[in-house]
Amino acid sequence: MNKREYKLLKKFVEKVFSKANADPQTFDFDSEIDRSLSYQENKEMIVEKLRTLGILTKELEIELGLITKKDLEAEERAYYEMYERYLEEYIKEERNKILEKSIPEVEKYFEPIFNKIEILLNSENKRGLLIVGSQGIGKTFNTITYLTKKNVNFEYLRGHITPLAFYIKLHNNNNSLFVLDDIVSLLKNDDIVSILLGALDKDGLVEWTSSQKIVEIPDRFKFNGKIIIIANKLSKEDDPFVQAIIDRCIVFEFVMSREKKVSLLYEMAKYKKLPFELVDFLVDNLVDPTLRDLELIEDVYKTFPNRWREEFLELKERIDEDLKLVYELEKDSSLRVKERIARFVNETGKSRATYFRYKKRLKKLGLI
């Protein structure tokens, strides 16, 4: 490497630090280069070092022209293709293990939820437990099953309820545990949120402030029970009401990887004495198979044993909103890959890997 190349390389490093808003004095440039090597070899070593130090990010590499967006997409594709190959092998092994079991083990997948319920039941500091996780993985069913097994006195509320009905329900069962499902619809009503916040407060003071007076019910009472809130996602995390609920609860995000979901589906199929062929089909044809998909394919299989595949796919294609979202994002040329993935993750609560699986499926279908 000659003097001119040395200066060019040093200027490159200074530019990187300037763009990254980092102090170049923290990097000993001369100790990192080897003058016996070529300019390109030294640059590759410097770039790798700056990546390791976290100075050179992917975004900065694109800006400086070190890599292109296509290079980045190819890199991500290669990673997820490798991950898919690993996943196929893992699923094959798990399938065989579960097939050989004499007794299916379904409950172990939900132990994290059971443990958080125990913490709530024993807590003297919190009245609420907020369980957030993607739909169709058994949050509600297993919460109710666990409470029933433990003989816990609980009230289950889902969907529409008026503020007054909610207030009366809490008052008449003020020593019970409440399970609130479909929290998003409840949050649309400020009066319900106000009642809920009072019940979740440490002192449990719930007040009825409406002009609609009920003689038999007091304007205020002390709620002595506890509340479990189950939600697929909280899309209004910047909403002060939502944040107030979060602050008053033990918060648990129930996340299940695709590997675990698939293992759970095989366990459930064994428990229900269903042919593993049904789960095989779900894994091969769906990006993100869930327990709800297993329930649907079970119904279709029992109704149409000779053409269950066609019937299931016809039903599933109509309800797969996430696939439609990825299609719309991929067709929007104004969005960068990073922006598309961010929107998908924010709107669905699913992972980057799931986005690429949907994209792969759309390509397979010839839609993109």
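This is a guided tour of a predicted model, one selection at a time.

**Stop 1: the loop after helix 1**

Select residues 3-19, which form helix 1, and residues 29-32, which form helix 2. Asn 21 sits in the loop between helix 1 and helix 2. Its phi is near 55°, a positive value in a residue other than glycine. Is Asn 21 buried or exposed? Asn 21 is exposed, because its relative accessible area is 74% and the cut-off for exposed is over 50%.

Now pick Ala 22, which lies in that loop too. Ala 22 is partly exposed, at 24% relative accessibility. Show its contacts. Apart from neighbours within four places in sequence, Ala 22 touches Phe 17 and Ile 55. Draw a distance from Ala 22 to Ile 55, C-alpha to C-alpha: the gap is 7.4 Å in space, against 33 residues in sequence.

**Stop 2: a pair within helix 3**

Go to helix 3, residues 39-52. Select Glu 48 and Arg 51. Their side chains form a salt bridge, 3.2 Å from N to O. How far apart along helix 3 are Glu 48 and Arg 51? They are 3 residues apart, so about one helical turn separates them. Both ends can be checked for accessibility. Glu 48 is partly exposed at 43%, and Arg 51 is partly exposed at 35%.

**Stop 3: a pair between helix 6 and a loop**

Next, select Glu 118 and Lys 150. Their side chains meet in a salt bridge of 2.9 Å, N to O. Glu 118 belongs to helix 6 (residues 111-122), and Lys 150 to the loop between helix 7 and strand 2 (154-158), so this pair ties together parts 32 residues apart in sequence. Glu 118 is partly exposed, with a relative accessible area of 22%. Lys 150 is partly exposed as well, at 36%.

Stay in the loop between helix 7 and strand 2 and click Asn 151. Its phi is near 60°, positive in a residue other than glycine. Asn 151 counts as exposed, at 70% relative accessibility.

**Stop 4: more salt bridges**

How many salt bridges does a search of the whole structure find? The search finds 28. Side chains of opposite charge can pair when their charged atoms come close.

For another pair, select Arg 307 and Glu 311. The closest N and O atoms of this salt bridge are 2.1 Å apart. Arg 307 is partly exposed at 40% relative accessibility.

Then select Lys 101, Glu 105, Lys 108 and Glu 267 together. Salt bridges link these four into a network. Glu 267 leads to the next stop, as a buried residue of helix 12.

**Stop 5: helix 12**

Select residues 258-271, which make up helix 12. What span should its 14 residues have? At 1.5 Å a residue they should span 20 Å, and the end C-alpha atoms are 20 Å apart, which agrees. Colour helix 12 by accessibility. The helix is mostly covered, with 12 of its 14 residues buried. Among them are Arg 258, Lys 261, Leu 264, Leu 265, Tyr 266 and Met 268. Step just past helix 12 to Lys 273, where phi is positive, about 60°.

**Stop 6: the largest pocket**

Turn on the surface. Rolling a probe the size of a water molecule over the atoms shows where empty space is left.

The largest pocket has a volume of about 990 Å³. It is lined by 39 residues, and the closest to its centre are Gly 136, Ile 137, Gly 138, Lys 139 and Thr 140. Which helix gives the most to this lining? Helix 7 does, with 7 residues. Other elements that each supply at least two residues include strand 6 (226-231), helix 12, helix 14 (291-303) and helix 17 (337-348). Colour the lining by class: 16 residues are nonpolar, 9 polar and 14 charged.

**Stop 7: the second largest pocket**

The second largest pocket has a volume of about 670 Å³. Centre the view on Ser 134, Glu 253, Val 255, Gly 349 and Lys 350, which lie nearest its centre among 33 lining residues. Helix 5 (69-100), strand 1 (128-132) and strand 7 (249-253) are among the elements that each give at least two residues to this lining. Helix 12 and helix 17 also appear here, as they do in the lining of the largest pocket. By class, the second lining has 15 nonpolar, 10 polar and 8 charged residues.

Technical notes. Residues numbered from 1 in each chain as written. Predicted model: local features only at pLDDT ≥ 70, side-chain atom pairs only at ≥ 80, totals over all residues. Heavy atoms only, no water. Helix = DSSP H or I, 4+ residues; strand = E, 2+ residues; numbered from the N terminus. Buried < 20%, exposed > 50% of the residue type's maximum accessible area, 1.4 Å probe, protein only. Contact = heavy atoms within 4.5 Å. Expected span 1.5 Å × (residues − 1). 1 Å grid on protein atoms, 1.4 Å probe; cavity = no way out; pocket = protein on both sides within 12 Å on 5 of 7 lines; lining within 4 Å. Points joined across faces, edges and corners; volume = space filled by probe spheres on them. Nonpolar A, V, L, I, M, F, W, Y, C, P; charged D, E, K, R; others polar.
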